[in-house]
Amino acid sequence: MKPIVNTKSAPTQAVRPALTRQPTAEERRRAQRVLLRMPVVVHVAKNPKAIEGFTHTVSASGAMLILPEGLAQGTKFILENPRTQQRVEVNVVRSPQMNQEGSLVPVEFLSPAPQFWNIVFPPNVN
């Protein structure tokens, strides 16, 4: 007797490109953002007067600031949290955008400062 051989192959479970989804901007972020409006003070080198502003959103690695004037991408400055009087050096990561409150300036910390905002962030799920 000859053994019975199944000539039909099992269906393959190939992933079709049209069914995969791209991660959202929030999923791609290094750190989760938290909406938080609090005062900040910006100290730019060679500018004797500090700039007062507010946060729009904050993260463990930086913030989106609302300032009365924009700062160019690549600008480094000292950001002060007036509530704790902590200071950290930051870098403007993209060109600012204007909104009705002022200039939205995205910044990142140049060195880790997870306690700078004096809040506990949700765990990073990425």
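## A buried glutamate and its partner

Glu-80 is buried, with a relative accessible area of 13%. The cut-off for that label is a relative accessible area under 20%. This value, like the others in this report, comes from a predicted model.

Glu-80 takes part in a salt bridge with Arg-87, and the closest N and O atoms of the two are 3.3 Å apart. Arg-87 is exposed, at a relative accessible area of 53%. The pair therefore joins a buried residue, Glu-80, to an exposed one, Arg-87. Side chains of opposite charge can pair when their charged atoms come close.

## The other salt bridge

The whole structure holds two salt bridges. Besides the pair of Arg-87 and Glu-80, there is one between the side chains of Arg-37 and Glu-101, with an N to O distance of 2.9 Å. Arg-37 sits in the loop between β1 (34-35) and β2 (39-43), while Glu-101 sits in the loop between β7 (97-99) and β8 (102-109), so this salt bridge ties together parts that are 64 residues apart in sequence.

Both ends of this bridge fall into the middle class of accessibility: Arg-37 is partly exposed at 47%, and Glu-101 is partly exposed at 42%.

## The chain as a whole

The protein chain contains one helix and eight strands. Read from the N terminus, the order is α-β-β-β-β-β-β-β-β, with the helix ahead of the strands.

Of the 126 residues in the protein chain, 30% are buried. The accessible surface of the chain is about 9,200 Å², and carbon and sulfur atoms account for 55% of that surface. Taking the contacts between residues at least 6 apart in sequence, 51% join residues at least 24 apart.

## A residue in strand β3

Thr-57 belongs to strand β3, which spans residues 51-59. Thr-57 is buried, with a relative accessible area of 8%, which places this residue under the 20% cut-off.

Which residues is Thr-57 in contact with, leaving aside its neighbours within four places in sequence? On one side of Thr-57 in the numbering they are Arg-33, Val-34, Leu-35 and Leu-36, and on the other they are Ala-63 and Met-64. Two of these contacts, Val-34 and Leu-35, are the residues given for strand β1 (34-35).

Conventions
Residues numbered from 1 in each chain as written. Predicted model: local features only at pLDDT ≥ 70, side-chain atom pairs only at ≥ 80, totals over all residues. Heavy atoms only, no water. Helix = DSSP H or I, 4+ residues; strand = E, 2+ residues; numbered from the N terminus. Buried < 20%, exposed > 50% of the residue type's maximum accessible area, 1.4 Å probe, protein only. Contact = heavy atoms within 4.5 Å. Areas by Shrake-Rupley, 256 points an atom, 1.4 Å probe, with all protein chains shown as cover. Salt bridge = Lys/Arg side-chain N within 4 Å of Asp/Glu carboxyl O.
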